[in-house]
Amino acid sequence: MKQEIAMKYNRRIFPLYKGFGWDPLFYSAIIFLFLTEVKGIAPAKVMYAESIYSLFLLLLQIPATILIEKIGSRKSLILGTTFATIQIIMMIFINNFTFLVIAYFMSAFGNAIKDIARNTLLYDSTKICNGKNSFANINAKGSSLSNALSAVTSICAGYLFVINPYIPLILSSLISILAVILAYRFEDVKVEKTEKQITISKSIKEIKQCFKFIIKSKRLKSLFLFISIFSGVLMMISTYEKSLLTELQMPKQYFGIIFAILTLVQSFSILYQDKIHNTFKNKTLGFISVPIFLSFIIVGIVANLNLNFSFTIIIVIFAFFIHHFFRGPYWVLEDKYVTNFTNENIRTKILSTSNLIKNIGEIVISFLGGLLLEFYNTSTSYLIIGIVGLIVILLVLKYMKKRIGLSPEEYNKEDIEYKE
């Protein structure tokens, strides 16, 4: 009975926790401005720091998983949220690149822990539930609250930044402390321990086995090639957007409004992911990726022409809309394609390997993005990324054509059947 009450209580407060603790509020829309204009860190170094963050996240995945198994989901969630909160507070006091890297280490460690612990805690609290109390529904409530709060706080963050650039980060820190308190309020849920214990050596062995399967599978090899490039570009370009608006001298108070609207556009477009897949079938990834790279080229051309400010901003924002409209469905469809032809024995391994490959792509492409900013302004870098990226992605799509989106009987066994 006590366990049922604990599970019910966890289900009730989980949407609140995810709403306040999933992504830091008052933060994303202004952090680039804060680091470059208030702290004087060059945009290229911000990109390098983000590349290092992805490296930390990659290296800390296995230790985070082992830690969660040792101390449990609830304690891990408290610890992970605490580290994420410390990182936000550290950003207020940053004065050099080294300090920024240390802060990103705290963030990577915190996120590596809490992103797993959050889901395992909810799963353990909903495993006997269906309908409105199911894992998917409770998780969706938290996501909806997080998106709504993110949109509202992003709008406020831009105006607060103009008043005092430290106010948004102070508010973000306070809300993150509230998330730590909410994490502390969760109840422990007893779960049956499996005989299989996770160790670093076992985890590395499973990753090696998964990589061998991917190398033999033409389907997964081509899919992960696309994912490593495209996902890396999408992550990198989020910083480029803020850098470009700064370069175009967009008033700071409008930053929050712009990115709040873009978040809503992305949330709206996710609803159409199934329709897009059913309409374009094995051409879906091309339908999504090509317009995004074309939008980069449009941004690069228009921003470099020194046209009327209002006209330039309208075209740039329109291109941003195209980018965000197509990137929303991509994240959902990516998981769908990765988990096709998998079962419960291999699904987790394939998803873990997918995250590993994505992190590698983010590390490399973020570093290259920072390198471009060392030699060119943001608008020229946009143009280079758009042209080079379009050529590369078209070649990858051509390579994928006879390997992805086939019916099950058209694949060889080694393409879709995993063997230990």
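In this predicted model, Arg-118 has a relative accessible area of 5% and is therefore buried. Its side chain takes part in a salt bridge with Asp-115, in which the closest N and O atoms are 3.2 Å apart. Asp-115, by contrast, is partly exposed, since its relative accessible area is 31%. Both residues belong to helix H5, which covers residues 97-126, and because they are 3 residues apart there, about one helical turn separates them.

The count of salt bridges in the model comes to 3. Another of these is formed by Glu-37 and Lys-252, whose closest N and O atoms lie 3.5 Å apart. Glu-37 is located in helix H2, whereas Lys-252 is found in the loop between H9 and helix H10 (255-270), so this salt bridge ties together parts of the chain that are 215 residues apart in sequence. Glu-37 is partly exposed, with a relative accessible area of 41%, and Lys-252 is likewise partly exposed, with a value of 21%. A salt bridge also joins the side chains of Lys-358 and Glu-334, with a distance of 2.8 Å from N to O. Here Lys-358 comes from helix H14 (residues 347-375) and Glu-334 from helix H13, so that the pair ties together parts 24 residues apart in sequence. Lys-358 is buried at a relative accessible area of 13%, and Glu-334 is buried at 2%.

Aromatic side chains were examined next. The model contains 20 aromatic pairs. In one of them, the ring centres of Phe-226 and Phe-230 are 5.3 Å apart and the ring planes meet at 35°, so the pair is classed as tilted. These two residues are 4 residues apart in helix H9 (residues 218-247), and therefore about one helical turn lies between them. Phe-226 is buried, with a relative accessible area of 0%, and Phe-230 is buried with a relative accessible area of 0% as well. In the pair of Phe-296 and Tyr-382, the ring centres are 5.7 Å apart and the planes stand at 65°, so this pair is edge-to-face. It links distant parts of the chain, as Phe-296 lies in helix H12 (residues 284-304) and Tyr-382 in helix H15, 86 residues apart. Phe-296 and Tyr-382 are both buried. The four residues just described also belong to one aromatic cluster, which is formed by Phe-226, Phe-230, Tyr-240, Phe-293, Phe-296, Tyr-330 and Tyr-382.

The backbone was considered as well. Most residues other than glycine have a negative phi. Phe-26, however, has a positive phi near 65°, and this residue is placed in the loop between helix H1 (2-21) and helix H2 (31-38). Asn-306 also has a positive phi, with a value near 55°, and its place is the loop between H12 and helix H13 (309-339). As for accessibility, Phe-26 is buried, with a relative accessible area of 13%, whereas Asn-306 is exposed, with a relative accessible area of 72%.

At the surface, Lys-283, Lys-398, Lys-401 and Lys-402 together form a positive patch. Lys-402, one of these residues, is situated in the loop between helix H15 (378-400) and helix H16 (413-416). Its relative accessibility is 73%, and Lys-402 therefore counts as exposed, the cut-off for this class being over 50% relative accessible area.

How values were computed:
Residues are numbered from 1 along each chain as its sequence is written. This is a predicted model: local features need pLDDT of at least 70, side-chain atom pairs count only at pLDDT 80 or more; totals for chains, interfaces and linings use all residues. Side-chain values use heavy atoms; hydrogens and water are left out. Patches are made of residues with over 30% relative accessible area and no salt bridge: like charges are joined within 9 Å, nonpolar side chains (Val, Leu, Ile, Met, Phe, Trp, Tyr) within 5 Å. Accessible areas come from the Shrake-Rupley method with a 1.4 Å probe; for residues, only the protein chains shown count as cover. A salt bridge is a side-chain nitrogen of Lys or Arg within 4 Å of a carboxyl oxygen of Asp or Glu. Lys and Arg count as positive and Asp and Glu as negative; His and the chain ends are not counted. The place of a charge is taken as NZ of Lys, CZ of Arg, CG of Asp or CD of Glu. Buried means under 20% relative accessible area, exposed over 50%, partly exposed in between (1.4 Å probe, protein chains only). Rings of Phe, Tyr and Trp (its six-membered ring) pair if their centres lie within 6.5 Å; planes under 30 degrees apart count as stacked, over 60 as edge-to-face and the rest as tilted.
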